[in-house]
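User: I would like to learn how to read features off a model. Could you take me through them one at a time?

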Amino acid sequence: MNRPNHNRQYVLAAFLTTLLLTGAGCVPQFVGPRFLDAAAPTLDQAVSGDTFILNEAEEWEPAALRVPVGTTVTWINQAKVFMDLRPATFIAPYPYPEPDPPVLPPGEQYSTTYNEPGVFYFNHGYEAVGLVWVVEP
Amino acid sequence: MHKGHPTTHPFKRERFAVATALAFIFIVPELGFNLAWLILPLLLLGLAALGALAIIEKDRTDLVIVLVSAAAYIGVWIFFPEIHPVLRAARTSSSLSFLWLTVTFLIGPWSHLTKRVQPIYHERRHFGVAAFFFGLLHFHFVFKYYFGYDPQILITSPFTLASFIGLVLMSVLAATSTEYAHNKIPEKIWNWIFNSCFAFLLLAWILQLGLGTFAEPLSALTLPIFYLIFAAFAPYGLPRKILRTVSGWKQVHMLMWVIYILITIHALIAFTSFYAVMPAWAAALIGTGFLAVFCTHAAGWVVMLVQRIRQGRLGHDQVVIDGLKYYAVSPVKDFQDGKGRKFVIGGNPVAVFKIGDDFRALSSICPHQAGPMEDGEIIGNVVQCPLHDWQFNVDDGSPGPNALECLPSYPTAVQNDLVFVGAQSSGRCSEVNGHFFFNESPESE
């Protein structure tokens, strides 16, 4: 088949551009703090209480709680979408008290009791990251 | 136009079926949380409407798709009552999309491995379009109930980007899977469609560079993979080197591989994200489908290779007529009128047809997608490939109105109640190394 040669050059250019962009896209994966690491709250932001509220802007109120061992923590969905509560394994692989966290519609809530001390990260969606800091009473 | 594949009124039915499906896909997810109990009845109503259309048109493929899909929705509703109705609908839709995508992929190689699958080869696009529709339904549920119609989420992670690109590519393939598109769209437009897909992919990637979160651990691996795969399927990539003759339609529709890999990546990330540790049943389900697709294609290629090697060793009685060597293939009585049989002449597979008292010999490999021409139907003076209906004149292999290329033909003779086939192609197509090049490729410029 007689193919026009100039098209091959375009394809080669597109291929090399793809390689370049792919390589560039991998850099953030390995270098520097990742976006979600930066978005996660820190321990000094933790406040006392036992309830997280997912507001309409899909942000946690508060973002971090400091609770004594044995506290039952509640997450309330006040957003207009599903509350997709998950362990933030990309920040701290485990432990998480609930292996199969629920997906809850608006108005519903979920509770779990923390019986071991530690720092537990969770998230809803990609940016709403929160933490529970469980301490000895 | 073709017996068994009417193309007159079904086009209207198809448009009606597509409009019905799209209406339900865009309406049902809009019910909201409070009316979520209505989701199942409305989905079943939509499927019932499509099923009724399939029954009216006696379209068994559509009916099977509708019945299996309805059974899946009902089964999930019965056995998983604890899951929210929206989630049940969204997850069942995505599972059905993956199922029909896998089936679409398996039909191709299986139709080469066994004749039993050939009758549904024509219907392959129905499964592909079904995969797109269920994928679109899943997308609508998730886009509304998870992401609140935030478009940025579509490209901010490899998880969503992979599925979004897969869905867009599926929409292109679904829209161009019609017979009209197959037969009427010129080569340059196909190249334009393919390059547009590539440009879209590149644009999405650049946007993700600016907005992406790179949260998933698979992101570093998946992004290079699917961009490299896409580049490999570019118009001058692997397909043209392997298949030699690839029409524009085929080139674009080979993006199925890209879609399948993207959707598999999407499913893998979804499960690892849902469960932190991927459950064994999910890994087995996705792995089985993925392995079935790739292993079946590999098996098909091995079978074809072995057949060619074996057939190349066969010998035939020879006679010389008018200076041309002819090979005996079979007694006349072993042929049925209007039916073809496959033989190998000098290493080349040849389909020999009995038409009345005459015999015609053509290459047994359709230049489109290597369909078995000996299984083709004789309609007047043309033979029609069983896979995609490409038609060729039985006398000289010249292409019919829906075929882009010609088929090598061979002279025949009958002596002593034996059918002989000439060793040299008598048509305008020539042969090289068992593959067929065409002297007047429509793509030549």
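Analyst: Start with the elements. Helices (H or I, at least four residues) and strands (E, at least two) are DSSP runs, numbered from the N terminus. Just after α2(B), Lys58(B) takes a positive phi of about 55°.

User: What are the ground rules for the model and its numbering?

Analyst: This is a predicted model: local features need pLDDT of at least 70, side-chain atom pairs count only at pLDDT 80 or more, and totals for chains, interfaces and linings use all residues. Residues are numbered from 1 along each chain as its sequence is written, chains are lettered from A and ligands numbered from 1 in the order in which they are written, and side-chain values use heavy atoms, with hydrogens and water left out.

User: Which residues of α2(B) are buried?

Analyst: Cut-offs come before the case. Buried means under 20% relative accessible area, exposed over 50%, and partly exposed in between (1.4 Å probe, protein chains only). In α2(B), the buried residues are Ile39(B), Leu40(B), Leu43(B), Gly46(B), Leu47(B), Gly51(B), Leu53(B) and Ala54(B). They lie on the same side of α2(B), because they cover an arc of only 160° around the axis. That arc is taken over the directions from the helix axis to the C-beta atoms. On the other side of α2(B), Ile55(B) and Ile56(B) are exposed.

User: What span should α2 of chain B have, and what are its end C-alpha atoms apart?

Analyst: The expected span of a helix is 1.5 Å times one less than its number of residues. Helix α2 of chain B has 18 residues (39–56), so it should span 26 Å; its end C-alpha atoms are 26 Å apart, which agrees.

User: Where else does phi turn positive outside glycine?

Analyst: Tyr149(B) is one case, with phi near 60°. Tyr149(B) sits in the loop between α6 (124–145) and α7 (158–175) of chain B. Its relative accessible area is 35%, so Tyr149(B) is partly exposed. Asn416(B) is another, with a phi of about 55°. Its loop runs between β10 (412–415) and β11 (418–422) of chain B. With a relative accessible area of 74%, Asn416(B) is exposed.

User: How many salt bridges are there over all chains?

Analyst: A salt bridge is a side-chain nitrogen of Lys or Arg within 4 Å of a carboxyl oxygen of Asp or Glu. By this rule, there are six over all chains. Among them, Asp84(A) and Arg86(A) meet at 2.7 Å, N to O. Asp84(A) is buried at 7% relative accessibility, and Arg86(A) is buried at 12%. Arg125(B) and Glu14(B) form another, at 3.1 Å, N to O. Arg125(B) lies in helix α6 and Glu14(B) in helix α1 (residues 10–27) of chain B, so the pair ties together parts that are 111 residues apart in sequence. Lys333(B) and Asp334(B) also pair, their closest N and O atoms being 3.5 Å apart. Here Lys333(B) is exposed at 70% relative accessibility, whereas Asp334(B) is partly exposed at 38%.

User: What does the side chain of Thr104(B) reach?

Analyst: The side chain of Thr104(B) reaches the backbone oxygen of Trp100(B) at 2.5 Å. Thr104(B) is in helix α4 of chain B and counts as buried, at 8% relative accessibility.

User: Which peptide bond is cis, with omega near -10°?

Analyst: The bond from Glu61(A) to Pro62(A). Pro62(A) lies in the loop between β3 (60–61) and β4 (64–68) of chain A.

Technical notes
A polar contact is a pair of N or O atoms within 3.5 Å; within protein, one must be able to donate a hydrogen and the other to accept it, and residues adjacent in sequence count only if both atoms are side-chain atoms.
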